[in-house]
Amino acid sequence: MEVKGQLNNVSAPAEHLLEERIKIKPANKAAIVIGLTLTVLSLLTVYAFYSFDYKEFDMTEALIATFANLKVIFLEPHLEHFSFGHALYQVLVTLGLAFLTTLFGAVVAVFFGLLAAENLSSKRVSMIIKGMVAFIRAVPTVLWVLIFAVAAGLGSTAAVIGMTFHSIGYLIKAYSESFEELDRGVIEALQASGANWWQIVFQAVIPSSITYMISWTFLRFEINFAVAVAMGAAAGAGGIGYDMFMASSFYLDMREIGAITYFILAVAIILELFAIRIKNKLKAA
Amino acid sequence: MALLEVNQLTKQFGKHSKALSDVNFSVQEGEFVTIIGPSGAGKSTLLRCINRMIDATGGEIRFQDKSVLNLKKKELKQVRTKIGMIFQHYNLVNRLSVIENTLHGKLGTKSTMAGVLGLYSQEEKQQAVRILNVLGLKEMIYKRADQLSGGQKQRVGIARALIQNPRMLLCDEPIASLDPNSAKVIMDHLKKISTTMGITVIVNLHQVDVAIKYSDRIIGINSGQVVYNGPAENMTPEDIQRIYGSEADELIFDIGGIHAG
Amino acid sequence: MQADIFAKKQRNTLVFLVLLGSVTFLAMIMTDYNAVKGITSVPKAVQWGLANFYPTAESLEKLPAILEKLQETLLVSIAATTVAAVFALLFAILGSNTTRVNAFFGAITRGIAAVFRNIDVAAWALILLFSFGQSSLTGYFALFFGSFGFLTRAFTETIDEVSGGSVEALKATGAGYFSIIFQSVIPSCISPLISWILFMIETNIRSATLIGLLTGSGIGFTFNLYYKSLNYDIASLVVVVIIAAILCIEYVSNYVRRVIL
């Protein structure tokens, strides 16, 4: 109360503010757009639920069945149609697919990343490359794989080439951003000493970004493992994803699905632990 | 009667590192007290033990003659509404307006529903506007907090504490992130709050010269122990040596200048 | 000395390249990857694409049917994301270090999210086929589970990064848990949260195509239908429609991000 008494003595210059109702939430563009975005998303969600084709499903029944299934899958995992060794080998195959994809993606992305970095190339070339990346990303990976499958035949070769596209797009963005962080002065100094573009790239740009590049490449490898599982299931890439697809669609064996899920989960969590350490290092740097 | 009494306070982090050991002092109503000491001495921990942002390991803290350490959740909130706190990094909600941030000081007295919806009475809003006026933020009322300078943000922090109608302010390094001019403005405001409103102010500082200039009393801490507790003007270079240890040399030079002046 | 350093550097590079080469070789053998076919397939695919993979006038007749399927896919993606976001926000608040109720509960919440996140949506689709069969509900729940895991982690990190300071400040004023959540955590995090939701919608539309292939629904199924029956002109029209939809949505979400961040 004392405080209030003290403050009342001050002749308030903003008297007009005291008389009318004081609003405390000023309307600004950001607040309006936030509100609008949330409203539109909610309306679309409601409409989506309304328009779903529920077929002859009784939702409660289906959900109960789902929980029962999930219980079987996760609590009673069991390998039926192939051995533990086979599953382990197939996990390695999937890791191999992810590795090749990441490697090819990285090699191509280094080159285009240099062209996409505005300080190393021209604004126009950079724009063109970034447009290409946007296009690549707009086509889902599975479609890239299937399109290449027409030329190379369905299998691991088409899968790796098709999966490489999104890796290229992702890594071009990551690499070019770390290239752009290089101090202008360094490039100038080397230019002044008469070094040509390639010399600048190999003596200054890549050495100073190499830790970032390795980190981003590993983060992509983590993503590519998941992609490789999916392509094994959907586009004939082989590996553990294919086994999972077989267990689900042909053998209809929930216990086997559970066992395979645990394999995938284990690898994914190991990769994620590495990725978290790498991210923390990136943040600290 | 003292407003705040701290008796044999200890705080231990983990098994071995003792942040505070056997800390004793009391603070009178309306007093301006500064706690100084080298970084890592336990200043921040001590301040946060008082309103139990950190729970002490042992000892006793009495605020308005009521023991703080054994309070239930609800009573603790009640006590906290009487203690304003000011932070080094201001701790505002950046995306909200200045007046909303100020009104946050009222949340402790609100029902859950009113707090969730952010419902404030016209009277509370008027009080917020008045306080912001006094602190020279009249033009900033509807600005977003992230559009303010550091000094202005800290004044919003003070406004948020004042609207609580507090009996005491705890200020954790309030000027450590500010330039000298803004720092002076903030310290002047805190001093004025103490002298004209009779609110007790406890400030953590690491600048000895500022502490001597503004405080009624200084408490010096080193390695979690009180090594000086007395009026600002009685402090000698030896005292500073004891508080700051090996860091003292450069500081004593500064103080010499102040005393001479 | 200097020569030594250079020699060592060269040796390290050599070891790295040999290692990389052998792992690559091993991976090629294990996965049955054919390097020659891989390289030649690129020009072959381009050649084939130019000759066959473009929409013709007749294929445009199928456009209305394709757009209908696209709408279904878009709605499934959006609905899965928004509902997942609600659950993710709840879990993130319970799991983040800033706002969790206690450490034990926080760890459990984060563990659950980690399991959901690390099972890919394609795997979820295969798991859920048992319950919902070939319908868009399978796709919906697969996307829902995947988004839930991903968003929980993204939201948790956002809350810890953005709202730590203001949560402490409001706690110090005596504000209750729900007041703190609604007056500090949500206002300070809302923009990054929306940005994550938009990102998730974009990702889900791409994944929905894949899941459609596996579960026989939506635009993925339409593509597969014409692709398998060698109707490449219609299949290419499907691809064009997907590209247009994704670019549109990216444009809108980039606009929203620019305004709100």
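**A walk through the predicted model**

Residues 256-261 of chain B keep a pLDDT under 50. For this stretch the model has two contacts beyond four places in sequence. The whole structure is a predicted model, and pLDDT is the predictor's confidence in each residue. Chain B as a whole has a mean pLDDT of 89. In that chain, 93% of the residues reach 70 or more.

Turn now to chain A. What elements does chain A hold, helices or strands? Chain A has 12 helices and zero strands. Read from the N terminus, its elements run α-α-α-α-α-α-α-α-α-α-α-α. The C-alpha trace of chain A spans about 85 × 75 × 35 Å along its principal axes. Its radius of gyration is 28 Å, while a compact globule of 285 residues would have one near 19 Å. Of the 285 residues in chain A, 39% are buried. Then there are the contacts. Take those in chain A between residues at least 6 apart in sequence: 73% of them join residues at least 24 apart.

Chain C comes next. It holds 10 helices and zero strands. From the N terminus on, the order is α-α-α-α-α-α-α-α-α-α. Along its principal axes, the C-alpha trace of chain C spans about 70 × 70 × 40 Å. The radius of gyration of chain C is 24 Å, against a value near 18 Å for a compact globule of 261 residues. Buried residues account for 51% of the 261 residues in chain C. Among contacts in chain C with a separation of 6 or more, 73% link residues 24 or more positions apart.

One part of chain C carries an annotation. An unreviewed UniProt entry lists residues 70-253 of chain C as "domain: ABC transmembrane type-1". In the model, that span is 88% helix and 0% strand. The C-alpha atoms at its two ends lie 18 Å apart.

Finally, look at where a helix of chain A meets a helix of chain C. Helix α10 of chain A covers residues 197-234, and helix α5 of chain C covers residues 121-132. Their axes come within 8 Å. How are the two helices angled? The axes cross at roughly 45°, which means that α10(A) is oblique to α5(C). Which residues meet here? On the α10(A) side they are V229(A), A230(A), A233(A) and A234(A). On the α5(C) side they are A122(C), A123(C) and L126(C).

Definitions and conventions:
Residues are numbered from 1 along each chain as its sequence is written. Chains are lettered from A and ligands numbered from 1 in the order in which they are written. This is a predicted model: local features need pLDDT of at least 70, side-chain atom pairs count only at pLDDT 80 or more; totals for chains, interfaces and linings use all residues. UniProt positions are given in the numbering used here, feature names are shortened, and annotations may be inferred rather than shown by experiment. Helices (H or I, at least four residues) and strands (E, at least two) are DSSP runs, numbered from the N terminus. The radius of gyration is taken over C-alpha atoms; the globule rule is 2.2 Å times the number of residues to the power 0.38. A residue is buried if 20 or more other C-beta atoms lie within 10 Å of its own, exposed if 12 or fewer, and partly exposed in between; C-beta atoms are placed from the backbone. Two residues are in contact if their C-beta atoms, placed from the backbone, lie within 7 Å. pLDDT is the predictor's confidence in each residue, from 0 to 100. Axes are lines fitted to C-alpha atoms, for helices over the stretch in contact, and angles run from 0 to 180 degrees between N-to-C directions. Angles under 35 degrees count as roughly parallel, over 145 as roughly antiparallel, 65 to 115 as roughly perpendicular and the rest as oblique.
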